[in-house]
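Q: Please take a close look at the aromatic rings in this model, and then at the enclosed space inside it. I am new to this structure, so a plain walk through both would help.

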Amino acid sequence: MFGFIPDDSKVPASNYRMGFYDMNLGIDFKYSQYNNNSNPTLKNNMAGGVSERLQSSFLGHLKKDKKFLIGDLLSAELAQGMISSNYSNAHSSLWLSYRFQFGVGMIYRFNAINDFGLNIMLLEFARDDVSPNISGSNILLRYRRSKCILETGLAARRGRVFGWITAIPENNPMQLMTNFRYLINEKKNVGIRAEWFPNKLTEGTEYFNNITSIRFFYGIYF
């Protein structure tokens with residue numbers, strides 16, 4: 001299903017489109033610096049492994065050929081690997097991580113070369129045992145130029161539905177997100193996702209700095 005299909009230069013530009021559907025395999029790396037009240041020395045939390053991601057849209061699929069699309073978004077992501085973490089929730093070297101999201105997405109197709117999009121994830125629940133659990137929301141701006149798709153946005157680790165809006169006037173730091181995809185052909189893509197929380201995050205008596213997540217992926221996209 002994920003077999004490599006080389007780029008076909010004969011495929012017309014209009015066949016490369018921004019979409020909502022995503023199914024891929026990835027290689028993940030997560031990192032944070034950690035300390036607590038009992039030990040102020042900064043220690044490193046690290047985890048790495050493989051992951052699987054599925055995102056679908058019922059409404060978006062029904063009207064996939066329209067110039068303007070709006071649809072529901074539902075995604076699930078699971079990761080397995082090894083972990084070395086001083087965080088109190090990590091109990092062994094086996095790493096199991098999850099992320100579930102629900103929201104709405106919009107796409108406007110200007111022409112065969114350019115698409116603009118906006119994803120608003122109203123609910124996001126995630127756990128990685130390298131940083132505190134996420135129960136928040138995010139917003140992602142998207143742009144396609146020919147075969148390349150760039151996505152960037154902000155995430156509130158706390159504050160569901162529109163937590164990223166309420167965080168701005170309250171001057172709460174937010175997590176930065178950037179995704180880049182290259183469309184190999186009409187349905188296959190490769191890419192990288194990077195997330196970074198640049199400030200200190202406090203969870204009770206535990207403190208986290210420089211929370212970083214990087215994921216390389218390959219799979220089906222349309």
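A: This is a predicted model. A start can be made with Phe 110, which has a relative accessible area of 47% and is therefore partly exposed. Its partner is Phe 116: the two ring centres lie 5.1 Å apart and the planes meet at 75°, so this pair is edge-to-face. Phe 116 is also partly exposed, at 41% relative accessibility. Both residues belong to one aromatic cluster, made up of Tyr 108, Phe 110, Phe 116 and Tyr 143.

A search of the whole structure gives eight aromatic pairs. One of them joins Tyr 98 and Phe 100, with ring centres 5.6 Å apart and planes at 35°, so that pair is tilted. An angle of 35° falls between the limits, because stacked planes must be under 30 degrees apart and edge-to-face planes over 60. Tyr 98 is partly exposed, with 33% relative accessible area, and Phe 100 is partly exposed with 38%.

Rings also take part in contacts with charges. The charged end of Lys 187 sits over the ring of Phe 222, 5.6 Å from the ring centre. Likewise, Lys 200 has its charged end over the ring of Tyr 207, at 5.5 Å from the centre.

Now the enclosed space. There are two cavities of 30 Å³ or more. The largest holds about 310 Å³ of space. It is lined by 22 residues, of which Arg 53, Gln 55, Leu 140, Glu 151 and Asn 179 are the closest to its centre. Elements that give two or more residues to this lining include strand 2 (39-56), strand 6 (134-145) and strand 8 (175-183). By class, the lining of the largest cavity has nine charged, seven polar and six nonpolar residues.

The second largest cavity has a volume of about 210 Å³. Its lining has 25 residues, and the closest to the centre are Lys 30, Arg 99, Asp 128, Glu 195 and Ser 213. Two or more residues each come from strand 1, strand 3 (68-84), strand 4, strand 5, strand 9 and strand 11. Strand 4 gives the largest share, four residues. The lining of the second largest cavity divides into 11 nonpolar, five polar and nine charged residues.

Strand 4 (94-109) and strand 5 (114-127) are also among the elements that give two or more residues to the lining of the largest cavity.

Key:
Residues numbered from 1 in each chain as written. Predicted model: local features only at pLDDT ≥ 70, side-chain atom pairs only at ≥ 80, totals over all residues. Heavy atoms only, no water. Phe/Tyr/Trp six-rings, centres within 6.5 Å; stacked < 30°, edge-to-face > 60°. Buried < 20%, exposed > 50% of the residue type's maximum accessible area, 1.4 Å probe, protein only. Lys NZ or Arg CZ within 6 Å of the ring centre and 35° of its normal. 1 Å grid on protein atoms, 1.4 Å probe; cavity = no way out; pocket = protein on both sides within 12 Å on 5 of 7 lines; lining within 4 Å. Points joined across faces, edges and corners; volume = space filled by probe spheres on them. Nonpolar A, V, L, I, M, F, W, Y, C, P; charged D, E, K, R; others polar.
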